[in-house]
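Here are my notes, going point by point through the parts of the chain I would look at on screen. Have the structure open as you read.

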Amino acid sequence: MGAVLNPLAYIASRWSPSPRIVQRAAFAALLMSVAIVVTGGAVRLTGSGLGCDTWPKCTDDSLIVTQEQGFHGAVEFTNRMLTYVLCAAVGWGIVGARSAKPWRRSLTRLGWTQFFLVMGNAVLGGITVLTGLNPYSVAGHFLLATSLIAVTTITWQRTREGDDAPRPRVPGPVRRLSWALIVTTVVLIAAGTVVTGSGPHAGDRSEIKRMPFDWSATAHVHAVSAWLVCVLAVAMWLVLRVVDAPVDTRARARDLLIVLLAQGAIGYVQYFTHVPEALVAAHMLGSCLVWIAVLRVALSLRERTADAPAAPAPALDDAKLSTV
């Protein structure tokens with residue numbers, strides 16, 4: 001009696017994607033993880049957070065948006081449908097990583113991590129609707145999406161590397177500086193969710209509970225965090241030049257400074273113009289780009305040999321049902 005293959009093993013036995021296809025799949029997941037944040041911001045900024053009355057259905061009687069729900073229902077339902085596009089991108093990455101020859105288990109695990117983050121955030125999004133856009137749930141929804149961006153960024157980088165142990169390209173103090181930059185950026189992003197949770201854009205036209213903080217004070221805390229990130233980014237750029245770091249690493253530090261400069265300009269303009277919707281949307285996109293740029297700097301400080309040996313895909317006769 002022949003071995004029983006699971007779907008992934010079955011596809012892997014008949015398809016061998018090129019490294020470029022695997023890289024494109026990883027980039028598609030990264031692109032969609034950013035897109036879902038931006039479109040989620042559009043839901044909030046148009047006041048469509050409760051455009052669908054409930055979850056997982058759009059109304060108690062309909063799985064999809066109805067004509068009675070109008071523009072806000074269409075916006076909210078469209079954002080929900082984009083989750084399926086994100087799932088498709090993540091699924092493509094999982095299938096591509098599993099089918100690559102030789103099989104790289106690390107990429108497959110990263111792909112499944114993305115999948116579970118997407119599923120978890122979908123459930124949290126449903127809880128957000130059911131709780132009437134509770135600001136703490138909204139903040140958690142954004143932070144989980146930020147975690148997904150981190151994993152998709154790492155996955156995209158790993159598709160262009162091997163699986164041997166990472167080797168440092170810069171001295172230890174520089175790598176510790178990168179960790180300080182990452183931690184400070186996380187604090188900055190978290191502070192941004194508090195600014196949003198206490199600010200004017202509640203996500204719906206009805207009266208929505210806000211975080212009990214003074215919006216101006218939280219905005220100033222957020223600004224201080226942003227300046228600290230900028231100081232660390234400038235320090236990183238200077239230190240990388242002093243230690244004669246590789247050209248690509250210095251280029252990523254330069255890119256981070258450019259993104260931070262643009263994000264800071266948008267942040268101050270939106271504060272002094274009473275947070276218009278268009279600038280808030282641009283600031284949300286900028287938040288994603290800053291996070292990606294910070295991670296890319298950190299990832300460029302080490303290297304893995306691109307042609308390192310990897311675990312071979314299991315032979316057709318040995319691919320049991322439990323193989324993933």
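1. Let's start with Asp244, which sits in the loop between helix 7 (215–242) and helix 8 (247–272). Bear in mind as you look that this is a predicted model. The phi of Asp244 is near 55°, a positive value in a residue other than glycine. That is worth a glance because most residues other than glycine have a negative phi. Is Asp244 buried or exposed? Its relative accessible area is 59%, and the cut-off for exposed is over 50%, so Asp244 counts as exposed.

2. Next, Leu133, in the loop between helix 4 (105–130) and helix 5 (135–158). Leu133 also has a positive phi, near 60°, and is not a glycine. Its surroundings are another matter: Leu133 has a relative accessible area of 7%, so it is buried. Put beside each other, Asp244 is exposed, whereas Leu133 is buried.

3. Now the backbone at two prolines. Most peptide bonds are trans. Which bond leading into Pro56 is cis? The one from Trp55 to Pro56, with omega near 10°. You will find Pro56 in the loop between helix 2 (19–45) and helix 3 (70–99). There is a cis bond between Lys101 and Pro102 as well, with omega about 0°. Pro102 belongs to the loop between helix 3 and helix 4.

4. While you are in that part of the chain, have a look at Trp103. Arg98 lies over the face of this ring, 4.0 Å from the ring centre. In helix 4 (105–130), there is an aromatic cluster to pick out too: Trp112, Phe115 and Phe116 form one together.

5. On to the aromatic pairs. How many does a search of the whole structure find? Five. One of them is Phe27 with Trp156: the ring centres are 5.2 Å apart and the planes are at 50°, so this pair is tilted. The pair links distant parts of the chain, with Phe27 in helix 2 and Trp156 in helix 5, 129 residues apart. The two partners do not share an exposure class: Phe27 is partly exposed at 38% relative accessible area, while Trp156 is buried at 17%.

6. Trp156 has a further partner. Arg160 lies over the face of Trp156, at 4.3 Å from the ring centre. If you are drawing a figure of Trp156, you could show Arg160 over its face along with Phe27, the other ring of the tilted pair.

7. Compare that with Tyr268 and Phe272. Why is this pair called stacked? The planes are at 15°, and planes under 30 degrees apart count as stacked. The ring centres here are 6.5 Å apart. Both residues lie in helix 8, four residues apart, which is about one turn of the helix. Tyr268 is partly exposed, with 38% relative accessibility, and Phe272 is exposed, at 59%.

8. Then there is the empty space inside. Rolling a probe the size of a water molecule over the atoms shows where such space is left. Across the whole structure, the search turns up one cavity of 30 Å³ or more, and the largest cavity has a volume of about 90 Å³. It is lined by 14 residues, and those closest to its centre are Ala26, Gly93, Ile94, Ala97 and Thr155. Helix 2, helix 3 and helix 4 are the elements that each give two or more residues to the lining.

9. Which element gives the most to the lining of that cavity? Helix 3, with five residues. As for the chemistry of the lining, nine residues are nonpolar and five are polar, with no charged ones.

10. Last, Ala145 in helix 5. At 9% relative accessibility, and with the limit for buried set at under 20%, Ala145 counts as buried. Apart from neighbours within four places in sequence, Ala145 is in contact with Val37 and Asn121. Arg254 is a different story: it is 109 residues from Ala145 along the chain, and their C-alpha atoms are separated by 26 Å.

How values were computed: Residues are numbered from 1 along each chain as its sequence is written. This is a predicted model: local features need pLDDT of at least 70, side-chain atom pairs count only at pLDDT 80 or more; totals for chains, interfaces and linings use all residues. Side-chain values use heavy atoms; hydrogens and water are left out. Buried means under 20% relative accessible area, exposed over 50%, partly exposed in between (1.4 Å probe, protein chains only). On a 1 Å grid over the protein atoms alone, a cavity is a set of points where a 1.4 Å probe fits but cannot get out, and a pocket is an open set with protein on both sides within 12 Å along at least five of seven lines; lining residues have an atom within 4 Å of a point. Grid points are joined across faces, edges and corners, and a volume is the space filled by probe spheres set on the points. Ala, Val, Leu, Ile, Met, Phe, Trp, Tyr, Cys and Pro count as nonpolar, Asp, Glu, Lys and Arg as charged, and the others, Gly among them, as polar. Contact means heavy atoms within 4.5 Å. Rings of Phe, Tyr and Trp (its six-membered ring) pair if their centres lie within 6.5 Å; planes under 30 degrees apart count as stacked, over 60 as edge-to-face and the rest as tilted. A charge sits over a ring if NZ of Lys or CZ of Arg is within 6 Å of the ring centre and within 35 degrees of the ring normal.
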